[in-house]
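Please open the model in the viewer and display the backbone as a cartoon, with side chains available on selection. The tour proceeds from one selection to the next.

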Amino acid sequence: MEYVVFYTTDPTTAARIPEIYPRHREYLDAFAAEGGLLGIGPFDDPASNGSMAVFSSRERAEQFIARDPFVLEGIAHPSDIREWDALNYR
């Protein structure tokens with residue numbers, strides 16, 4: 001099982017993405033190095049369509065959300081954490 005979080009972007013704070021992104025990326029890279037983050041990224045138009053992240057456990061998803069600068073700064077709003085029964089063909 002994997003765990004997915006969908007994020008919406010607050011249009012009133014989207015202009016701050018370039019300002020906050022370096023802190024978000026630093027956090028993201030450090031978190032990924034510890035394990036449990038399987039994939040993350042925006043959809044085609046993140047301001048309109050948001051983004052998503054996939055984790056190996058609910059606990060890791062909760063840990064990521066709790067300290068993500070985009071979430072803390074009110075730019076990204078996470079959905080509930082959804083259990084995903086993915087078929088992997090790798």
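Select Gly-36 to begin; this residue is found in the loop between H1 and S2. Helices (H or I, at least four residues) and strands (E, at least two) are DSSP runs, numbered from the N terminus. The model is a predicted one, in which local features need pLDDT of at least 70 and side-chain atom pairs count only at pLDDT 80 or more, while totals for chains, interfaces and linings use all residues. Residues are numbered from 1 along each chain as its sequence is written, and side-chain values use heavy atoms, with hydrogens and water left out.

Gly-36 has a relative accessible area of 15% and is therefore buried (buried means under 20% relative accessible area, exposed over 50%, partly exposed in between, with a 1.4 Å probe and protein chains only). Add Ser-56 to the selection: Gly-36 and Ser-56 are 20 residues apart in sequence, yet 4.9 Å apart in space, C-alpha to C-alpha. Leaving aside residues up to four places away in sequence, Gly-36 touches Val-54, Phe-55, Ser-56 and Arg-60 (contact means heavy atoms within 4.5 Å).

From this group, keep Arg-60 and add Glu-34. The two form a salt bridge, their closest N and O atoms being 3.5 Å apart (a side-chain nitrogen of Lys or Arg within 4 Å of a carboxyl oxygen of Asp or Glu). The pair links distant parts of the chain, with Arg-60 in helix H3 (residues 58-67) and Glu-34 in helix H1, 26 residues apart. Arg-60 is buried, at a relative accessible area of 14%, whereas Glu-34 counts as exposed at 59%.

Next, colour the strands. An open sheet of four strands appears, with antiparallel pairing and the order S2-S3-S1-S4 (two strands pair if DSSP finds at least two bridges between them). Strand S2 (37-42) and strand S4 (76-84) stand at the edges with a single partner strand each, so one side of each has no neighbour in the sheet. The twist averages 15° from one strand to the next. H1 packs on the sheet, where it touches S1, S2 and strand S3 (51-55), and its direction makes about 165° with that of S2 (axes are lines fitted to C-alpha atoms, for helices over the stretch in contact, and angles run from 0 to 180 degrees between N-to-C directions).

Select S1 now. Six of its eight residues are buried. S1 and S4 pair in the antiparallel sense over seven bridges; among the partners, Val-5 is matched with Ile-81 and Thr-9 with Ala-76. Five bridges join S1 to S3, and Tyr-7 stands opposite Ser-51 in S3.

Continue to Asp-10, in the loop between strand S1 (2-9) and helix H1 (17-34). Which side chain of opposite charge is nearest to Asp-10? It is Arg-16, 9.2 Å away, and the buried Asp-10 has no salt bridge (Lys and Arg count as positive and Asp and Glu as negative; His and the chain ends are not counted).

Finally, select Arg-16, Glu-19, Arg-23 and Glu-73, which are linked in a network of salt bridges. The closest N and O atoms are 3.1 Å apart between Glu-73 and Arg-16, and 3.0 Å apart between Arg-23 and Glu-73. Arg-23 lies in helix H1 and Glu-73 in the loop between H4 and S4, so this pair ties together parts that are 50 residues apart in sequence.
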